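Got your viewer open and your selection syntax warmed up? Load the chain below and let's walk through it stop by stop.

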Amino acid sequence: MVYKSGKYKDMLSGMRETNEIPAGEQAMVQGLIDETYGVFTNVVSQGRAQAHSKNGAEGTALASDWMSYADGRVLSGKQALALGFVDQLGDFDDAVKQAEKIANGGNKANLIEYREHYDISNLLSLLGQSGQAHDIKLDLGMDIPKLRAGALYFLWQPPGD
């Protein structure tokens with residue numbers, strides 16, 4: 001039994017069988033998907049046209065049948081290049097060089113690389129997780145006692161250190 005405060009409050013619930021979803025709800029969800037897909041294809045079309053006009057001979061125009069490939073499939077780099085979804089193939093360094101060229105006419109760009117931050121709390125939280133055991137070695141320059149999951153620990157620093 002489902003209790004809800006509105007007719008569509010459980011729309012998209014994973015607990016419902018496909019045959020339990022009324023046609024009206026299916027039409028609403030399909031409408032949202034179609035709208036989002038339309039926005040996506042418009043962004044691709046305008047963005048690739050703009051990139052092609054700015055990059056000239058170095059850019060790749062969208063293939064005339066590109067929409068028939070914009071259906072969620074995975075493409076190789078060569079396929080994406082042939083269809084005009086990308087201007088060139090390369091690695092990370094090639095991408096940085098091209099970004100510098102586009103942004104500053106060849107001047108040095110500031111490259112910012114985001115990395116996930118790890119600290120001692122991340123390490124200790126692994127010890128409290130249930131499921132698979134973790135073999136972790138933490139070298140703090142001293143021997144520390146074995147830590148137990150669920151136990152309370154604190155780090156103490158003597159005064160003056």
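Start by selecting Arg16 and Asp10: both residues are buried, where buried means under 20% relative accessible area, exposed over 50%, and partly exposed in between (1.4 Å probe, protein chains only). Before going further, a word on the ground rules: this is a predicted model, so local features need pLDDT of at least 70, side-chain atom pairs count only at pLDDT 80 or more, and totals for chains, interfaces and linings use all residues. Residues are numbered from 1 along each chain as its sequence is written, and side-chain values use heavy atoms, with hydrogens and water left out.

**Stop 1: around Asp10**

Keep Arg16 and Asp10 on screen and look between their side chains. They form a salt bridge, with the closest N and O atoms 3.6 Å apart; the term covers a side-chain nitrogen of Lys or Arg within 4 Å of a carboxyl oxygen of Asp or Glu. Now add Lys4, which also forms a salt bridge with Asp10, this time with the closest N and O atoms at 2.7 Å. How accessible are the two ends of that pair? Asp10 has 13% relative accessibility and counts as buried, while Lys4 is partly exposed at 42%.

**Stop 2: Asp71 and Arg73**

Jump along the chain to Asp71 and Arg73, whose side chains meet in a salt bridge (2.7 Å, N to O). Asp71 is partly exposed at 47% relative accessibility, and Arg73 is partly exposed too, with a relative accessible area of 41%. Back at the earlier stop, shared salt-bridge partners join Lys4, Asp10, Arg16 and Glu25 into one network. By this salt-bridge rule the count comes to five.

**Stop 3: Glu25**

Select Glu25 next. Where does this network member sit? Glu25 lies in helix 1 (residues 23-55); helices (H or I, at least four residues) and strands (E, at least two) are DSSP runs, numbered from the N terminus. Glu25 counts as buried at 6% relative accessibility. Its side chain makes a polar contact with the side chain of Arg16 at 2.9 Å. That term means a pair of N or O atoms within 3.5 Å; within protein, one must be able to donate a hydrogen and the other to accept it, and residues adjacent in sequence count only if both atoms are side-chain atoms. Show the surroundings as well: leaving out residues up to four places away in sequence, Glu25 touches Lys7, Tyr8, Met11 and Arg16, a contact being heavy atoms within 4.5 Å.

**Stop 4: along helix 1**

Now color all of helix 1. Its 33 residues reach 47 Å from first C-alpha to last, close to the 48 Å expected at 1.5 Å a residue (the expected span is 1.5 Å times one less than the number of residues). Which of its residues are buried? Pick out Glu25, Val29, Thr41, Val44, Arg48 and Ala51. Just after helix 1, stop at Gly56, which takes a positive phi of about 55°.

**Stop 5: zoom out**

Show the whole chain as a cartoon: there are four helices and zero strands, running α-α-α-α from the N terminus on. Of the 161 residues, 12% count as buried. For contacts with a separation of 6 or more, 23% come from residues 24 or more positions apart.
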